[in-house]
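Student: Please take me closely through one part of this structure, and then show me how that part is set within the whole.

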Amino acid sequence: LKTRLGMEDEEEFEHLLDIYNKFPVSELIIHPRVQTDYYKNTPRMESFLNALEKSKNPVVYNGDIFNKEKYQQVMKQMDVSGVMLGRGVLANPALFGEIRGTEKLSKERLWEFHERLLADYTQEMSGERNVLFKMKELWAHLIHFDPEWEPYIKKIRKAQRLGEYKIITGQMF
């Protein structure tokens, strides 16, 4: 079960946790923000730690893990049963390997990830426009990989056709 601390106020979570504690849940994945935070602001760690202490179910941490160091910090400082990686994997497709110590993100690995995702979106989604918008969303996470890519990122944002997008990303890689 994945949840946030509430819709507008983290104090809502006390009531939610009472409900969650009534049921056997294999994992309670908690993102330490409220819905109106979206992904802005800093995680509300005091509320998360309070929930971790009071939960009758195993708790998984979810939020702002973008590198191996942050993963290790969370696992060392909190008695969680695990972590959920989300946007961090979009920003660094090799994050799982980096955590395991088996892989580092390279430009080649990023190209492979990009091409696989593009192919899978093209196969699963209807219409090139939908695929193009999904790929543009990806670049909001990948933007920091190479500072020299900034001019290309601007072109990607302006691209109107998937063919145009493919030319731009081909030039980048």
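Tutor: The account below looks closely at the sheet and its surroundings.

This is a predicted model, in which local features need pLDDT of at least 70 and side-chain atom pairs count only at pLDDT 80 or more, whereas totals for chains, interfaces and linings use all residues. Residues are numbered from 1 along each chain as its sequence is written, and side-chain values use heavy atoms, with hydrogens and water left out.

Let us begin with the overall plan. The protein has 9 helices and 4 strands (DSSP runs numbered from the N terminus: helices are H or I of at least four residues, strands are E of at least two). Along the sequence, these elements follow the pattern β-α-β-α-β-α-β-α-α-α-α-α-α. The C-alpha trace spans about 55 × 35 × 30 Å along its principal axes.

The 4 strands make an open sheet with parallel pairing, in the order S1-S2-S3-S4 (two strands pair if DSSP finds at least two bridges between them). S1 and S4 are the edge strands, each of which pairs on one side only. On average, neighbouring strands of this sheet are turned by 40° against each other, direction ignored (axes are lines fitted to C-alpha atoms, for helices over the stretch in contact, and angles run from 0 to 180 degrees between N-to-C directions). In general, strands of a sheet pair through backbone hydrogen bonds, either parallel or antiparallel.

Strand S3 covers residues 59-62. On one side, S3 pairs in the parallel sense with strand S2 (residues 28-34) over 3 bridges. Here Leu28 stands opposite Val59, and Ile29 stands opposite Val60. S3 also pairs with strand S4 (residues 82-84), again in the parallel sense over 3 bridges, and the bridge partner of Val60 in S4 is Gly82. Both faces of S3 are covered: Val59 and Tyr61 on one side, and Val60 and Asn62 on the other, are all buried (buried is under 20% relative accessible area, exposed over 50%, and partly exposed in between, with a 1.4 Å probe and protein chains only).

Two helices link these strands along the sequence. S2, helix H2 (residues 45-54) and S3 make a right-handed β-α-β unit (right-handed if, with the strands pointing away from the viewer, the path from the first strand over the helix to the second runs clockwise). A further right-handed β-α-β unit is made by S3, helix H3 (residues 68-77) and S4. H2 packs on the sheet, touching S1, S2 and S3, and its direction makes about 165° with that of S3.

Within H2 lies Ser47, which counts as buried because its relative accessible area is 18%. Leaving aside neighbours within four places in sequence, Ser47 is in contact with Leu5 and Glu10 (heavy atoms within 4.5 Å). The side chains of Ser47 and Glu10 make a polar contact at 2.2 Å (a pair of N or O atoms within 3.5 Å; within protein, one must be able to donate a hydrogen and the other to accept it, and residues adjacent in sequence count only if both atoms are side-chain atoms).

At the edge of the sheet, Lys2 belongs to strand S1 (residues 2-6). Lys2 counts as partly exposed because its relative accessible area is 42%. Neighbours within four places aside, Lys2 is in contact with Ile29, His31, Asn62 and Met84. The side chain of Lys2 makes a polar contact with that of Asn62 at 3.2 Å. Lys2 and Glu27 are 25 residues apart in sequence, yet 8.2 Å apart in space, C-alpha to C-alpha.

Finally, consider the interior. The largest nonpolar core has 21 residues, and those with the most contacts inside it are Met135, Trp139, Tyr165 and Met172 (a nonpolar core is a set of buried Ala, Val, Leu, Ile, Met, Phe, Trp, Tyr and Cys residues joined through side-chain atoms within 4.5 Å). Helices H6 (107-124), H7 (128-142), H8 (150-158) and H9 (162-172) are the elements that give two or more residues to this core. H7 gives the most, with 6 residues. Apart from this core lies another, of 20 residues, among them Phe13, Tyr20, Ala51 and Leu95. Over the whole protein, 39% of the 173 residues count as buried.
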